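Q: I've got a fold open and I'd like to learn how to read its sheets and helices. Can we go through it feature by feature?

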Amino acid sequence: MPDLFPLRALRVPCAALLLTLLAACAPTKFETQADIPQPLIEKIPVVIGVHMPLEFTDKVYQEKREGGGGDYSIGLGKAQSAGFMRVLNAMFNRVVPVASPRDAAATDPEIRGVLEPVLDDYAFVTPADSGTPTYAASLRYTIRLYSPQGELAESWTFTGYGSQPASQFPGKGAEALAVATRLAMRDAGAKLAAEFHEQAIARGLLPAVQPSKPQEVELPTPPPRN
């Protein structure tokens, strides 16, 4: 009977190689987790409407990279919707969800304007892309301001960035990329809270400051002369 030991010895490395190849071919798929804390900031004293379209709330980023770069399916909608609502509730006296910007006036007469967040772009790089042992991600958003009647008034674009060393998750690139994406979303939320008040988009929301009228000052009547 021939000695089968060499064949048995080859099975383990071959099986390990097969698992490695299968892991490399497996798609990277995850749902981003909301990690945007509620900021402690001074509220803008108005009632704001918020419209989040389905392409924002249900957004799933999908990409197939050439040259064996892998397939990616990354859920962004749930996390960015929850995170932005948390920030907006901290920024304004009251936040009212509306079905569309033009429905604001009929939904609540106190609504001063409607904000609509839009995800313009999501991008990421892996160590294979950059040649560095780091996963990085960026999210570019635009906030549109509509009047209560649905007319577009202003817009503001900003970007959040996040990175995560691959060494924190050895052999688990999806987890490292998930952390980088979560940090990018958190950075975007922080910029929204910290910088919105200084943007032109906020001017149409802030209540007008009425100039104080000069008050007449009555001079004291001089005492009569003797």
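Q: Let's start with a bridge: which residue stands opposite Lys-29 in strand 4?
A: It's a predicted model, so keep that in mind throughout. Strands of a sheet pair through backbone hydrogen bonds, either parallel or antiparallel. Here Lys-29 faces Ser-73 of strand 4. Next door, Phe-30 has Ile-74 as its bridge partner in strand 4. Strand 1 and strand 4 (residues 70-75) run in the parallel sense, paired over 4 bridges.

Q: Which side chains of strand 1 point to the buried face?
A: Follow how the side chains alternate along strand 1. Thr-28 and Phe-30 point to one face and are buried, while Lys-29 and Glu-31 point to the other and are not.

Q: In what order do the strands of that sheet come?
A: The order is 1-4-3, in an open sheet of 3 strands with mixed pairing. Strand 1 (28-31) and strand 3 (60-65) each have a single partner strand, so they stand at the edges, with one side left without a neighbour in the sheet. As for twist, neighbouring strands here are turned by 5° against each other on average, direction ignored.

Q: Which helix packs on this sheet?
A: Helix 6 does, touching strand 1 and strand 4. Its direction makes about 40° with that of strand 1.

Q: And the other sheet: how many strands form it, and in what order?
A: There are 5 strands in the order 5-2-6-7-8, again an open sheet with mixed pairing. Try the edge reading on this one too: strand 5 (92-97) and strand 8 (152-165) have a single partner strand each, so one side of each is left without a neighbour in the sheet. The twist averages 30° from one strand to the next.

Q: How many bridges join strand 7 to strand 8?
A: You'll find 13 bridges between strand 7 (residues 134-146) and strand 8, and the two run antiparallel. For one rung of that ladder, look at Arg-140, whose bridge partner in strand 8 is Thr-159. Strand 7 and strand 8 also form a hairpin, with 5 residues between them. In the turn, Gly-150 has a positive phi of about 95°.

Q: What does strand 7 pair with besides strand 8, and in which sense?
A: With strand 6, in the antiparallel sense over 11 bridges. Leu-139 is a handy residue for tracing across the sheet. Tyr-122 stands opposite Leu-139 on strand 7, and Leu-139 in turn stands opposite Gly-160 in strand 8.

Q: Which strands does helix 3 touch when it packs on this sheet?
A: Helix 3 touches strand 2 (44-50), strand 5, strand 6 (111-125), strand 7 and strand 8. Its direction makes about 140° with that of strand 5. Helix 6 turns up here as well: it lies across strand 6, strand 7 and strand 8, running at about 140° to strand 8.

Q: At what angle do helix 3 and helix 6 cross?
A: For a helix pair, check the axis distance, then the angle, then the handedness. The axes of helix 3 (residues 77-91) and helix 6 (residues 173-195) come within 10 Å and cross at roughly 25°. Angles under 35 degrees count as roughly parallel, so helix 3 is roughly parallel to helix 6. The crossing is right-handed.

Q: Which residues meet between helix 3 and helix 6?
A: From helix 3 come Ala-79, Gln-80, Phe-84, Val-87, Leu-88 and Met-91, and from helix 6 Met-185, Gly-189, Leu-192 and Ala-193. By type, that contact divides into 8 nonpolar residues, 2 polar and no charged.

Q: Is Ala-90 buried or exposed?
A: Under 20% relative accessible area counts as buried, and Ala-90 has 4%, so Ala-90 is buried. Ala-90 is found in helix 3. Leaving out residues up to four places away in sequence, Ala-90 touches Gln-38, Pro-39, Ile-41 and Lys-43. The C-alpha atoms of Ala-90 and Leu-40 are separated by 7.2 Å, with the two residues 50 apart along the chain.

Q: Zooming out, how many helices and strands does the protein have?
A: The secondary structure comes to 6 helices and 8 strands. Along the sequence they follow the pattern α-β-β-α-β-β-α-β-α-β-α-β-β-α. Of the 226 residues, 38% are buried. Take the contacts between residues at least 6 apart in sequence: 68% of them join residues at least 24 apart.

Methods. Residues are numbered from 1 along each chain as its sequence is written. This is a predicted model: local features need pLDDT of at least 70, side-chain atom pairs count only at pLDDT 80 or more; totals for chains, interfaces and linings use all residues. Side-chain values use heavy atoms; hydrogens and water are left out. Axes are lines fitted to C-alpha atoms, for helices over the stretch in contact, and angles run from 0 to 180 degrees between N-to-C directions. Angles under 35 degrees count as roughly parallel, over 145 as roughly antiparallel, 65 to 115 as roughly perpendicular and the rest as oblique. A crossing is left-handed if the near helix is turned anticlockwise from the far one by less than a right angle, and right-handed if clockwise. Contact means heavy atoms within 4.5 Å. Ala, Val, Leu, Ile, Met, Phe, Trp, Tyr, Cys and Pro count as nonpolar, Asp, Glu, Lys and Arg as charged, and the others, Gly among them, as polar. Two strands pair if DSSP finds at least two bridges between them. Buried means under 20% relative accessible area, exposed over 50%, partly exposed in between (1.4 Å probe, protein chains only).
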